[in-house]
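Colleague: I have not seen this structure before, and I would like to learn how to read it one feature at a time. Could you take me through it slowly?

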Amino acid sequence: MELAGRFDESLVPQKTGKTTLAGLKRDSVITFVGIGDVHYENKGCDLKGLRRTIEFIKNRENCFAFGMGDNLDGIGRGDKRYHGGLNRTEFASEESLWQDASRALAQEFKPIADKLVLILDGNHDKTVAARLQFNTTKYIIDELNQRLVSEKTPPSDARIHLDRL
């Protein structure tokens, strides 16, 4: 299995059902799927691919996900890379762009909220936080109402966090 790309579905248990990391036996086979570079509000976001991945995770026993960052594109007015028409029309309002896009992405993740064990910031997420004092990753985590690792958790603590679930 490749974490950041395609994965071999034949290696994944095919039963459906809810499973949490805490409920697994020591010798359980676990699949982790990385979801990264979503760039959700951008017109180039592969929504079909994202939704297929979410369905895959949702319908597989012992299958969990982690967010690898760049949840949003983070390019808006004031950014030298910005040009009109870059973002999907439902996220055209600059005043609420980041909140609206973060809320919408959290809704996409809702079906796997109990299987999403980690969300990291990417450089695009950090750009929004630095320029606008709005933490998109924390907003998504709060919307999902989950206890996840965020950017304030040092990487060494992430392993401990997962072991405690």
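Modeller: Let us begin with a charge and a ring, bearing in mind throughout that this is a predicted model. The charged end of Arg88 is placed over the ring of Tyr40, at 4.6 Å from the centre of that ring. Arg88 also appears among the contacts of Asn42, which touches Asp73, Leu86, Asn87 and Arg88 when residues up to four places away in sequence are left out.

Colleague: Where is Asn42 found, and is Asn42 buried or exposed?

Modeller: Asn42 belongs to the loop that runs between strand S1 (31–35) and helix H1 (47–58). To judge burial we look at the relative accessible area, and a residue under 20% counts as buried. Asn42 has a relative accessible area of 13%, so this loop residue is buried.

Colleague: Before we go further into details, how many helices and strands does the chain have, and in what order do the elements run?

Modeller: The chain has 5 helices and 3 strands, and, read from the N terminus, the order is β-α-β-α-β-α-α-α. The chain holds 165 residues, of which 44% count as buried. If we take the contacts between residues at least 6 apart in sequence, 77% of them join residues at least 24 apart.

Colleague: How should I read the way in which S1 and S2 pair?

Modeller: For a pair of strands one asks about the sense and about the bridges. S1 and S2 pair in the parallel sense, over 5 bridges, and within this pairing Val33 stands opposite Ala65, while Phe32 stands opposite Phe64. Together with the helix, S1, H1 and S2 make a β-α-β unit that is right-handed. On its part, S2 also pairs with strand S3 (residues 116–119), again in the parallel sense, over 3 bridges, and there the bridge partner of Ala65 is Leu116.

Colleague: How many residues of S1 and of S2 are buried?

Modeller: In S1, 4 of the 5 residues are buried, so that strand is mostly covered. In S2, 5 of the 5 residues are buried. It helps to ask which way the residues of a strand point: from S2, Cys63, Ala65 and Gly67 point one way, Phe64 and Phe66 point the other way, and all of them are buried.

Colleague: How many aromatic pairs does a search of the whole structure find?

Modeller: The search finds 2 aromatic pairs. In one of them, Phe32 and Phe64 form a tilted pair, with 6.1 Å from centre to centre and 40° between the planes. Because Phe32 lies in strand S1 and Phe64 in strand S2 (residues 63–67), the pair ties together parts that are 32 residues apart in sequence. Phe32 is partly exposed, at a relative accessible area of 25%, whereas Phe64, at 0% relative accessibility, is buried. The other pair is made by Phe134 and Tyr139, whose ring centres are 5.2 Å apart and whose planes stand at 50°, so this pair is tilted too. Phe134 counts as buried at 14% relative accessibility, and Tyr139 counts as buried at 19%.

Colleague: Turning to cysteines, how many disulfides does a search of the whole structure find?

Modeller: The search finds 0 disulfides. As for individual cysteines, Cys45 is buried, with a relative accessible area of 11%, and Cys63 is buried as well, at 0% relative accessibility.

Colleague: Which residue in the loop between S2 and helix H2 (97–109) should I look at for its backbone?

Modeller: Look at Asp70, which lies in that loop. Here the angle to read is phi, together with the residue type: Asp70 has a positive phi of about 55°, although Asp70 is not a glycine. Asp70 counts as buried, at 8% relative accessibility. Gln133 also has a positive phi, of about 50°, and is likewise not a glycine.

Colleague: Where is the place of Gln133, and is Gln133 buried or exposed?

Modeller: Gln133 sits in the loop between helix H3 (123–132) and helix H4 (136–144). At 66% relative accessibility, Gln133 counts as exposed, whereas Asp70 counts as buried.

Key:
Residues numbered from 1 in each chain as written. Predicted model: local features only at pLDDT ≥ 70, side-chain atom pairs only at ≥ 80, totals over all residues. Heavy atoms only, no water. Helix = DSSP H or I, 4+ residues; strand = E, 2+ residues; numbered from the N terminus. Buried < 20%, exposed > 50% of the residue type's maximum accessible area, 1.4 Å probe, protein only. Contact = heavy atoms within 4.5 Å. Phe/Tyr/Trp six-rings, centres within 6.5 Å; stacked < 30°, edge-to-face > 60°. Lys NZ or Arg CZ within 6 Å of the ring centre and 35° of its normal. Disulfide = S-S within 2.5 Å. Pairing = 2+ DSSP bridges. Right-handed = clockwise from strand over helix to strand, strands pointing away.
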